[in-house]
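Student: I've got a structure to look at and I'd like to talk it through with you. Can we go step by step?

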Amino acid sequence: MKTAIATVSISGNLREKLEAIAAAGFDGIEIFEQDFIADEAGPREVGRMIRDHGLEIPLFQPFRDFEGLPGGLRAKAFDRAERKFDLMQELGTDLVLVCSSCHPQSLGGIDRAADDFAELGERAARRGLRVGFEALAWGRHINDHRDAWEVVRRADHPAVGLILDSFHTLSRGIDPDTIRRIPGDRIFFVQLADAPKIDMDLLYWSRHFRNMPGEGDLDVQGFMRAVMAAGYTGPISLEIFNDQFRGGPTKTLARDGYRSIVALMDDVRRAEPEAKVDLAPMPARVAPRGVSFIEFASRGEEAEELRALLSGLGFEVVGQHRNKAVTLWQQGEIRIVVNAEEEGHAARAFNLRGTSVCDLGLLVDSAAEVAERAARLGSQPFSQPNGPGEVPIPAVRGLSGSVLHFMDSSATLGGVWEQEFTGAGGAVPGAGLQRVDHIAQTMTYDEMLSWTLFYTTLLDMRKSPMVDVIDPDGLVRSQVVEAPDGALRVTLNGADTYRTLAGAFLEESFGAPVQHIALATDDIFATLDLLRARGFSPLPIPQNYFDDLAARFDFPEGLLEKMQAANVLYDEDASGAFFQCYTPTFAGGFFFEIVERRAGYGGYGAPNAPFRIAAQKRLRRTKGVPAL
């Protein structure tokens, strides 16, 4: 299976794009005419430069407004085509994309268009070239791949074939299974793009909101299943138009693109086993089983503050690393590692960000298989030298240079705590905190699509609709990715401005990847009673909030008063109820949350976020006062 990407899909000049596309693992590029015209090199030199990067040019595009033109306009269209054929031969590519005409003087008629393409195919064949016809979703007369196929069928020329684009088919609601009736050898090229479902003009939607397969809401998998079932064996390429991508990091976008194609085609192969997908075997997605550990990098006075907070939350030290200045704290199933080393990954994280989460351990069925899938999807592996008796744990780089380790119950990894830590494994009475409910990762808004794609292609995790979180000083967009059974939940929060609490956290922590961790209890009021005896002080919530709750919900006698006394916030959905309480922020804006879910509540207390943020901001320094 050969992969490609249109140069228009990512940011940068042509040379930057080529470097990123080659490094990501693509086999070729669709060279977009504008990228070529903007470069200073001539066509022969550009073609040579592309091949020097180990890339092919399977497609040159676009050639617009060709078919159905009258008189002199028709003659001019063929003249333009001949000039593009000259250019293609110098570049070293044999296929041109001709998109259906939007010209105001173009004439309708399948036979008229077929005659034009029959002649164009004959001209192309004399030069050893081919022509692909694509139906634009907003084409003047042809806007459906079924009509484009009929033009190709009636043109009946071996140098004329069909080009399919998932966006043009799916955006119009056309059944992709109609592709199964098209002979695979008559499909010359396939382009992929996903998009969020938005009710707007098709052209504007296409030009500004396309994204990588898996990042949107279109049935791209169903489209590709139909394409492969038809017998298509050519390149699979991305053509993305996205305002956000135009200014995004070139290398990250290229890596995301490659990841999206490989994950998609692996899904297609599993869902359509009769189709021939030329892709090396790779492990399937697995559902994560939960969070194995959370590691903080911390030293000095900040480490003392963190230890006091953990103790106040009911955690106790259950182990000390045999070789390193690393302490293991535990309560219920929750393990928190505090790393005070002065060398290695944690030390670098502390030197950059101060006290912060530098490592997450995810529990899976097979750590080795997840690591192998991650490598196949282009994730950056992580390792550092192991000391005496230390167990090598598979890992990749995560958000902002952090690390994700993969843990399982195998003979090698299942006993890592007892092997590496003295005293590990003892029971901790604690205060009733049982497990990690969810982890909140904060990033810039531009990074959200990338990390949603990361989690959903690597693991069996679904994404929720994006929601807006109102901060007194701006907007934060939030999206959840979670395992089917909720064993792992990650909220991705995208900040547009440093004036928001999330944005200030990014600024002050120099991009620390985790802003808050929610810990679950089965009885939040019992837990808070125990924590109060340990000196725990929750985030204070104003009287106005509880007065509003009394107007919105009917509570059993005494419950509202208990919530107010304990500074517990409340939400409910059709399934159940949700109680939540927060610590004040520390270490640049990090905080813990204590939650209780009742009767299948599936949310995260989103209606409470503005009040929580306002309460946290009241305890921070005055606006405009810089951090020291």
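Student: Which residue just after α20 takes a positive phi?

Tutor: Keep in mind that this is a predicted model. Go to the end of helix α20, which covers residues 559–566. Just after that helix, phi is about 60°, and the residue that takes this positive value is Asn567.

Student: How do the buried residues of α20 sit around its axis, and what is their arc?

Tutor: Start with who is buried: Leu559, Leu560, Met563 and Ala566. An α-helix has 3.6 residues a turn, so residues three or four places apart point the same way. Looking down the axis of α20, you'd see the buried residues line one face of the helix, because they fall within an arc of 140°.

Student: And which residues are exposed on the other side of α20?

Tutor: Buried means under 20% relative accessible area, while exposed means over 50%. On the side of α20 away from the buried residues, the ones that are exposed are Glu561 and Ala565.

Student: What covers the buried residues of α20?

Tutor: There are helices and strands in the cover. The strands include β23 (569–572) and β24 (577–582). The helices include α19 (543–552) and α18.

Student: At what angle do the axes of α18 and α20 cross?

Tutor: Two packed helices are described by the angle between their axes and the distance between the axes. Here, the axes of α18 and α20 come within 11 Å. Their crossing is left-handed, and the angle is roughly 35°.

Student: Which residues of α18 meet α20, and how does the contact divide into nonpolar, polar and charged?

Tutor: From α20, the partners are Leu559, Lys562, Met563 and Ala566. On the α18 side you'll find Phe525, Leu528 and Arg532. Sort the residues of this contact and you get five nonpolar, no polar and two charged.

Student: Is Leu528 buried or exposed?

Tutor: Leu528 lies in helix α18, and outside its sequence neighbourhood of four places it touches Phe536, Ala566, Val568, Cys581 and Ile594. Its relative accessible area is 3%. The cut-off for buried is under 20%, so Leu528 is buried.

Student: How far is the C-alpha atom of Leu528 from that of Leu313?

Tutor: Along the chain, Leu528 and Leu313 are 215 residues apart. In space, though, their C-alpha atoms are separated by 9.0 Å.

Student: Which helix gives the most to the largest nonpolar core?

Tutor: That core has 98 residues, and Phe117, Met224 and Met265 touch the most other members. The top contributor gives nine residues, and that helix is α11.

Key
Residues numbered from 1 in each chain as written. Predicted model: local features only at pLDDT ≥ 70, side-chain atom pairs only at ≥ 80, totals over all residues. Heavy atoms only, no water. Axes fitted to C-alpha atoms, helices over the stretch in contact; angles between N-to-C directions. Helix = DSSP H or I, 4+ residues; strand = E, 2+ residues; numbered from the N terminus. Left-handed = near helix turned anticlockwise from the far one by under 90°. Contact = heavy atoms within 4.5 Å. Nonpolar A, V, L, I, M, F, W, Y, C, P; charged D, E, K, R; others polar. Buried < 20%, exposed > 50% of the residue type's maximum accessible area, 1.4 Å probe, protein only. Arc of directions from axis to C-beta. Core = buried A, V, L, I, M, F, W, Y, C linked by side-chain atoms within 4.5 Å.
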